[in-house]
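Biologist: I'm new to this one and would like to learn how to read it. Could you take me through it feature by feature?

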Amino acid sequence: MNITLNKIFLISSLAVSGMIGMTSCTDYLNKSPESDYAENDPYKNFTNFQGFTEELYNCIPIVSNSEYHTCFNYGEDVYWEPQETRLQTLNVDNGDFWGWTTAYYGYPRSGGSAGTSTRRDKGDLWTNAWYAIRKANLGIANLDNMVSGTEEERNLIEGQLYFFRAWFHFMIMEWWGGMPYIDTVLSTDVSPTLPRLTWQECAEKCVADFDKAASLLPVDWDETTAGKVTLGKNNMRINKIMALAYKGKTLLWAGSPLMNWSSGGEKEYNVELCKRAADAFGQALALTEQTGRYELADFSKYNDIFLLHNSNGTINGLKEAIFQENLIDYSSRWRWNMINDFRPQSIESSGIKNFPTANYVNYFGMQNGYPIADMTKADAESGYDPSYPWKNRDPRFYKVIMFDGVKFKSSGGAGGTVELFTNGRESEEKDPKKGCFTGYMNSKLCPQLMNTVDGYKENNIMVLNLMRLADVYLMYAEATAVGYGSPQGVSSTYSHSAVDAINKVRDRAGVGHVLDKFLGNTSDFLSEVRRERAVELAFEGFRFMDLRRWMLLTQSPYTKKTKIEFDRADPNNYNYDAPEENQIKNLREVVLLERQYTDRHYWYPLPRKDVNIYEGFNQNPGW
Amino acid sequence: MFSRLKEAQGSVFPIYREDWVFRATYNYAMRYFFEANGAYNGSEKFGPNYRFAFFPSLSAGWMISEEPFMNFFKEKKILDMLKIRASWGRVGDDSVVANWQRFTAGRFLYKDQWQNTGNAIMGTVSPDNSPYTFWSISTLGNPNISWETVEKRNLGLDYAFFNGLVAGSVDIFNDTRSDILVDGGSRAVPSYFGTTPPRANLGKVNSHGYELEMRLNYVFANGLRLWANGSMTHAVNEVKFKDDAPLLPDYQKSAGHTIDQVYSYIDHGNLATWDDVIGSSAWTTNNNNKLPGDYNIIDFNGDGVVDTDDKAPYQYSTTPQNTYSASAGFEWKGFSLYAQFYGVNNVTREVNFPTFRSTAHVAYVEGEYWTPDGSGVLPTPRWGTTVDAAASGTRYWYDGSYVRLKNVELSYTFKGEWLKKLGVNTARLYLNGDNLYMWTTMPDDRESNTGYSSSDGAYPTVRRFNIGIDITL
């Protein structure tokens, strides 16, 4: 027994002495230095720090088609085939705004991850934006670690970081409302419990960051020394005009009725914020016109702003595009498979179908500048005639909308023009599920001659413009009319009035100027601003946000989606070369869907997990 | 004993471990046993201040049957052996990923992991990779991360009586697993944190239970041997903490429930009329496909819609609380027969055979469908239309208890000189069968639902008969 005890003692003392003399053991387990990057590697020079920063561009969402069939127009503008249950637009129509977390197809969606270069992940705005904001903060916190670099290089980096911090907050705020404004790298130690800010509080923080970015960034990277490395490929890199225009957009949104109400004010515009928005837009427009950095595209190339066919890799947008969605898979993604979704099954056999609603097409007024009051009634003043409803319309109508009798094949004639009349070949009556169930088709996001014969199905590039110059003119018009109190108002930073700005967009399209009867006061003028945005920016993903911020989403007629039904008056003597010259009869507008919305439908719900962590991060009302 | 482990694979930086262990045992006259173990373990996964931890364990035993005062029972062949055991110990765990992933994931948990890869796509004509390569943090580190520990307590009894007729053991255990390394994605950290938070020592699970085992064995004077073995295990666990979002209602939290607790939409009868259909809580999808005869799905949290929040804890977990095993047999003059049973209870399983799913030309015998006169309870199967995920309620969840006749074998072993002449040492002729019968309320014999749900092709258990002869030369 003694022997055993001694053994115990011996072993124990060995163990103890081992522990005492063990300082080196911790070192043995240290991560070997060659397996790690040095502390300031990501930041030490322009090449590295710009690489760090450019992941923020990779966090820009793909709005239009992160998935094969992506719905992103949730206003009263587009109707997708209702029997298809995987589309978020169905959830939205049904008032189930949880759709963004449950539906398979749609933007924004959840379930993606940030930090990848996968197309599908780029539909997850929520995840990518918060990731990008963290990254921007990390970059800002490490600006001092850029040990070598010129003043210009430092400004470029810093300007981009501040821009993106604001921009991603803004992108989230559009859908989910005011958030905590994250301007530090949140610690890993303690789970943060920051309170939600009101929309306007949050917007002010964005504006400060956009201001800082605008003060640091150039108008054109091609003109800088650092930008010479990427000469000719700098168009997407953030510049001063982008920062100013997004500053204006943030302020205009903050001053819009919804955001004003959500921030504790009345359900009406906030004049002061709109005035500041007008000044920011004015600055952006003055700088644009002075430098020629961006230009309204010529009307003959209007469709090239949105989509290019056989362009040998050239991106759509021309010099009008200011800020575009993520380019991942840009050359193939529209072909797979969205291009199929805009034509009925009689023209394109595959695809989940969507068509412009008739109620929305009605916003396209007459070429002389008159709106259409009731599409079933003749109007001597405007010249609208329901027997010839597609005659003398706004020239943009013919560019972006296909109506009965329009060519879908270059051959034309009876077999190559669409039959959208009731019981026509392309009609819903002929094919209840995949026929054209509204009476109109979209030629903005899909070439008019998209069919297997003419080959327009292949080689399409459609990159959505998240901001383009025409949009900035229209936002300037809205902000200035409200902020400076009249359609003739002019911001302190620009030489043109609100009405001038709209007319610039109309002049490009060859549409008559805003009529005098809308120029008496801001309220009348705003009805034409709204119509102009509907027409100029149709199907580009703006309408839902516009209806929400104007607080019109829950009001009739903005809750309705309609189709038209009609017959050709003289089918045997049909003029296939000029479809608008053919008489039609029995034109009527039929309601397809009426949404049942309440005030809760002004915001998307926040993820359930987030709102269950602490009291200050509350759910949006009604969810 | 001291060991340093370096494990390398391909071009990956080697894994380092460092362990110090000691062990001391003592036994006195085969009556009193004592053992102490200690491990001082270091893992490269944790930061310098949290890297090493000490994990001791102690056990003691008392062989009562060797005490002099038990001699009477031993001599009378009443008692063969009786021993009481007790042990306590702490064990550390740093294995946050499956073993095969150990080189590529879950390493250096205390450090941020950087990567330098990927490019933005830029340009207006044939856009391509920007020359600036991304720098990004692929995994965020937690400088305070450390060992996960289990504190194990065990009390046991081994026994044998009546000259081998009865023998067995009883064990009672109680484990507390704490500082469990909770995956960042499961932590209650708001989205605006901006990335997956790091793993942290944030979980706690208690488990306890017992194991019983008994063996019977009797040889008659004529050589007939009868034997039977039986065992039972009972184990339950409860999550004490798992960083659930604090404001969640209790039924949605992991804490307070067992690991793998089954959650289900709860149904309450059928919707008998169109009035019932219209008046029922809305599904979030395909509500317009709801028909009379569908289950009335309970809006568990009363918010007006039936959504994933309305899934509630239902029955047990998918792991049985109790498992039973029993076998019995005899051997006599070369003949032998044995049968083996296996059973579980307190378990819930999904057995999902949906008729016409996704317009498939497959129908199952499901039972009686609902009719307006009230006969039958099963909702009408759908062909082209889809119903909400909630629509099936608890329909496909079954009490997973069963008893299975797992194995029966009858055999005869030949002996004799004639074998030798054939050059054969031994020969055994046998007939046996696997999975011969199962007693259960489940509709189908699929013992395990792991991997796939049964509708996705989980393979049914095979019943097999073998007849054969074993020959050794």
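Modeller: Let's begin with a helix pair; keep in mind that this is a predicted model. Helix H9 (residues 240–254) and helix H11 (residues 271–291), both of chain A, have axes that come within 8 Å and cross at roughly 160°.

Biologist: What does that angle make H9(A) relative to H11(A)?

Modeller: Angles over 145 degrees count as roughly antiparallel, so H9(A) is roughly antiparallel to H11(A). The crossing of these two, H9(A) and H11(A), is left-handed.

Biologist: Which residues of H9(A) and H11(A) meet?

Modeller: On the H9(A) side you'll find, among them, A:Ile241, A:Leu244, A:Ala245, A:Gly248 and A:Leu252. Facing them from H11(A) are residues including A:Ala277, A:Ala280, A:Phe281, A:Ala284 and A:Leu287. Sorted by class, the contact of H9(A) with H11(A) has 13 nonpolar, three polar and three charged residues.

Biologist: What about H9(A) and helix H15 of chain A: at what angle do they pack?

Modeller: H15(A) covers residues 469–483, and H9(A) packs against it at an angle of about 40°, their axes 11 Å apart. That makes H9(A) oblique to H15(A). The crossing of H9(A) and H15(A) is left-handed. H9(A) brings A:Ala245, A:Gly248, A:Lys249 and A:Leu252, while H15(A) brings A:Val472, A:Met475, A:Glu478 and A:Ala479. By class, the contact of H9(A) with H15(A) has five nonpolar, one polar and two charged residues.

Biologist: Can we try another pair? How do the axes of H7(A) and H8(A) cross?

Modeller: The axes of H7(A) and H8(A) come within 8 Å and cross at roughly 155°. That makes H7(A) roughly antiparallel to H8(A). The crossing of H7(A) and H8(A) is left-handed. From H7(A), the residues in the contact include A:Tyr162, A:Phe163, A:Ala166 and A:Phe170; from H8(A), they include A:Trp199, A:Cys206, A:Phe210 and A:Leu216. Here the classes come to eleven nonpolar, three polar and four charged.

Biologist: Next topic: nonpolar cores. What is the general idea?

Modeller: In soluble globular proteins, nonpolar side chains tend to be buried together. In this model the largest nonpolar core has 186 residues, and A:Ala129, A:Ala243, A:Phe281 and A:Tyr476 touch the most other members. The largest share of this core, 15 residues, comes from helix H7 (residues 151–176) of chain A.

Biologist: Which residues does A:Ala129 touch?

Modeller: Leaving out residues up to four places away in sequence, A:Ala129 touches A:Cys59, A:Phe168, A:Met171 and A:Ile172. There's also a second, separate core of eleven residues, which includes B:Leu109, B:Leu181, B:Val182 and B:Val239.

Biologist: How do I read burial for a single residue? Is A:Asn235 buried or exposed?

Modeller: You count C-beta neighbours, and 20 or more inside 10 Å means buried. A:Asn235 has 22 of them inside 10 Å, so it counts as buried. You'll find A:Asn235 in the loop between helix H8 (199–216) and H9 of chain A. A:Asn235 and A:Ala321 are 86 residues apart in sequence, and their C-alpha atoms are 9.3 Å apart in space.

Biologist: And where is A:Glu84?

Modeller: A:Glu84 sits in the loop between strand E1 (78–80) and helix H4 (88–93) of chain A. It has 18 C-beta neighbours inside 10 Å and therefore counts as partly exposed. Its C-alpha atom is 7.5 Å from that of A:Ile352, although 268 residues separate the two along the chain.

Biologist: How many C-beta neighbours does B:Gly279 have inside 10 Å?

Modeller: B:Gly279 has 10, so it counts as exposed. This residue is in helix H2 (residues 274–279) of chain B. The C-alpha atoms of B:Gly279 and B:Arg225 are 69 Å apart, with their positions 54 residues apart along the chain.

Biologist: Last one: how many residues does each chain give to the contact?

Modeller: Chain A gives 62 residues and chain B gives 59 residues. On the chain A side, the elements that give two or more residues are helices H1 (2–20), H2 (23–28), H3 (46–58), H6 (125–141) and H19 (608–611). H3(A) gives the most, with nine residues. By class, the side of chain A that touches chain B has 31 nonpolar, 22 polar and nine charged residues.

Note on methods: Residues numbered from 1 in each chain as written. Chains lettered and ligands numbered in written order. Predicted model: local features only at pLDDT ≥ 70, side-chain atom pairs only at ≥ 80, totals over all residues. Contact = placed C-beta atoms within 7 Å. Helix = DSSP H or I, 4+ residues; strand = E, 2+ residues; numbered from the N terminus. Nonpolar A, V, L, I, M, F, W, Y, C, P; charged D, E, K, R; others polar. Core = buried A, V, L, I, M, F, W, Y, C linked by C-beta atoms within 7 Å. Buried ≥ 20, exposed ≤ 12 C-beta atoms within 10 Å, placed from the backbone. Axes fitted to C-alpha atoms, helices over the stretch in contact; angles between N-to-C directions. Parallel < 35°, antiparallel > 145°, perpendicular 65-115°, else oblique. Left-handed = near helix turned anticlockwise from the far one by under 90°.
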